[in-house]
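Reader: Please give me a close look at one part of this model. I care about the first chain and how it is put together. Keep it brisk.

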Amino acid sequence: MRKTTTTAAIALLAGLAAGAATAEISVKIGVLNDRSGLYADLTGEGSVIATRMAIEDFGAAERGISVEVVSADHQNRPDVASTVTRQWIDVDGVDVIVDVPTSSAALAVNDIVRERQKIFLVSGAATSDLTGPACSPYTVHWTYDTWSLANGTGRAMVEVGGDTWFFLTADYAFGHALERDTSAVVEETGGQVLGVVRHPFPGQDFSSFLLQAQASGAKVIGLANAGGDTVNSIMQAAEFGIVQAGQSLAGLLVFITDVDALGLDDAQGLVLTEAFYWDLNDDTRAFSQRFAELGNGNMPTMIHAGVYASVLHYLKAVEAVGSADSDAVMAMMKEMETDDPLFGQGVIRTDGRKVHDMYLFRVKSPDESTGRWDYYELLNTIPAEVAFRPIEDGNCPLVQ
Amino acid sequence: MLFDLLGVTPQALFSQLLLGLINGSFYAMLSLGLAIIFGLLNIINFTHGAQYMLGAFGSWMLLHYTGLNYWYALFLVPIAVGFTGVILERLLISRLYHLDHLYGLLLTFGLALIIQGLLRNEYGISGKPYAIPEQLRGGQNLGFMFLPNYRAWVIAVSIVVCFGTWYMIERTRLGAYLRAATENPTLVNAFGINVPLMITATYGFGVALAALAGVLAAPIYSVHPNMGADLIIVVFAVVVIGGMGSILGAILTGFGLGLVEGLTRVFYPEASAVVIFVIMAIVLLVKPAGLFGRTV
């Protein structure tokens, strides 16, 4: 209660200050992600481009906000992510940290920003713990999380009869969270988990794990991994005839860049959950076209879209309160409805979860696709109200 | 009875052993190239992983830009990548022979980073799809597992190449020159044999072996710029366990460690990424020159 009052007071003061003088506000954004490893195409330079696009579209310069963007490679390592975050906040004066894929790295950054009271806009990381037990008053989890993936793909697979599961899990925070959340959905809907094998991250040869999954006799092999690991798992499953033998693969986290890397021959028929697809509507097509021109021609992933939208919303909040003060800006971000061309309207909950629709897609067959990047067919839109974990189920200390 | 005790079915065990052997084929081919290069040039070739990746990428490029399929790639790519190795050796590596190992290691490591960085910049990290050739699709049901024809092909090629190389080096006149030049290059030079040429050719051959492994890997692992970086550290451990510079050691350890890794994946999958390094540490403690190495 006391905290809320203080926050409101700061917001008010900050607002007054902005009204009194049009002094320039300066903001420093740090984009921290994988720029060289297996997640570099899903996040990487694309997230920096998305950040710059958000700054440009917001018209930061015209509105008296000078924004500086810095970026770094955390190599998917929590220790590197922590070091960079401390350096950015303590020495370089970074106000907000953006993206941060790799759940273990994001959880490390989350602890530091909570302590240093700086804002953290997560787009890349998946673990639902970021808005659960590890939630922080300074963190917004924008794009997706393991719960929403489980709820999308996991539920869809069980509904079509895939009621026995075996997991191939990347052996770190993200894989564990995805496996946990999907197991919960499977069991809740009357299914059964027959077994799990945890593979080293990143991996290369998945054939032995796939054969263990095959031997389990489960109807569905759940791939609780991401990026290159998922690509290799799916390729090798095709090679070992696992799908032909009657088992289904559930790619629990598949990005459009993964589908591009697999090729439609191997990827066709996969059912997957995403928060964004470039070909959803005119706004997403226009954004994606610009994004592709600024980058290397690739279409944006949902992570890039989330970076764009979260930075845009952050800048709106900075303008509204007239400063970059973390408490005031965060209070404003949660108070204002979000509205952007990529995710439409939405809200940020007390636990930091950004809520919007999620989509269930099926990967097209080579015949159905009209060319490169025409990969998804929309199966179902999961409405915002049910797309994410109910706030009371997350065990987030901020909610009680 | 034994299988009950171990908690796995014989089917599972046999299939994992066979898969281990397939991975071992890659380890063997890569560590063989490294061992040959180290034996003659005394260079720890850290570019090996990048050259393996170039083999895979070369196959993809050949198909993508010129339409030439896998069977062409199998011959053309190792020759082309081997030739880049020859240029590399002439231009850069040959200047370092009189210096400490460390300089060669730094140079080749730097080159690997540059090659990977260039390709990453151009093609991204997600990888390129490369289909299994028509003739090798499908597989055999062995009773205990489904063995894809392509994997069987990989084992066969690897065994032929590895033991062919071993035979050439240990049993032919050319091999005898090579071994002699390894022992005492000055003396061999004095007998009228062109040692610098032999060194260049050896480096090219070692690189071509890496590229061949890359071509073989292209259809089963996704073709991406970091694919070699992920593998090369393991392969170095294989070479160290086998004994630096030992040809037969590299081959046998490569296959053997593939098997050990395969077994780890059944009994304790979480440890499968480190098991080779644990073995390396033990071997270094007990037999510092490696299992097949000679103490110097």
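**Chain A, domain by domain**

Author: Start where the two domains of chain A meet. Here 18 residues of domain 1 of chain A are in contact with 19 residues of domain 2 of chain A (contact: C-beta atoms, placed from the backbone, within 7 Å). Helix α4 of chain A, residues 103-116, is the biggest contributor to the domain 1 side, giving three residues (helices are DSSP runs of H or I with at least four residues, strands are runs of E with at least two, and both are numbered from the N terminus). By class, that side of domain 1 of chain A holds eight nonpolar, eight polar and two charged residues (nonpolar: Ala, Val, Leu, Ile, Met, Phe, Trp, Tyr, Cys and Pro; charged: Asp, Glu, Lys and Arg; polar: the others, Gly among them).

Two notes before going on. The model is predicted, and local features need pLDDT of at least 70, side-chain atom pairs count only at pLDDT 80 or more, and totals for chains, interfaces and linings use all residues. Residues are numbered from 1 along each chain as its sequence is written, while chains are lettered from A and ligands numbered from 1 in the order in which they are written.

Now the bounds. Domain 1 of chain A covers 2-144 and 280-352. Domain 2 of chain A covers 148-274 and 357-384 (the bounds come from an automatic or database domain assignment). Taken over C-alpha atoms, the centres of these domains are 29 Å apart.

Next, a five-stranded sheet of chain A. The sheet is open, with strand order β2-β1-β3-β4-β5 and parallel pairing (two strands pair if DSSP finds at least two bridges between them). At the edges are β2 (65-73) and β5 (139-141) of chain A, each paired on one side only. On average, neighbouring strands in this sheet are turned by 20 degrees against each other, direction ignored (axes are lines fitted to C-alpha atoms, for helices over the stretch in contact; angles run from 0 to 180 degrees between N-to-C directions).

Look at one edge of that sheet. Strand β4(A), residues 119-122, runs parallel to β5(A), and three bridges join them. For A:F120, the bridge partner in β5(A) is A:T139.

A helix goes with this sheet. Helix α12 of chain A, residues 302-321, lies across β1 (25-33), β2, β3 (96-99), β4 and β5 of chain A. Its direction is at about 155 degrees to β3(A).

Between β3 and α4 of chain A comes a loop, and A:V100 lies in it. The phi angle of A:V100 is near 50 degrees, a positive value in a residue other than glycine. The α4(A) that follows this loop is the helix met above, the one that gives three residues to the domain 1 side.

Now a three-stranded sheet of chain A. This one is open too, in the order β10-β14-β15, with antiparallel pairing. Its edge strands are β10 (271-274) and β15 (376-382) of chain A, each paired on one side only. Neighbouring strands here are turned by 30 degrees against each other on average, direction ignored.

Follow one pair. Four bridges link β10(A) to β14(A), residues 358-363, in the antiparallel sense. Within β14(A), A:Y359 stands opposite A:E274. Helix α5 of chain A, residues 146-159, packs on the sheet and touches β10, β14 and β15 of chain A. The direction of α5(A) makes about 155 degrees with that of β10(A).

One peptide bond deserves a check on screen. A:F201 and A:P202 are joined in cis, with omega about -15 degrees. A:P202 sits in the loop between β7 (192-199) and α7 (207-216) of chain A.

Last, the partner chain. The contact takes 36 residues from chain A and 32 residues from chain B. On the chain B side, α2 (10-41), β2 (146-148), α10 (227-242) and α11 (247-267) each supply at least two residues. The largest share, five residues, comes from α2(B). By class, the side of chain B that touches chain A has 15 nonpolar, 12 polar and five charged residues.
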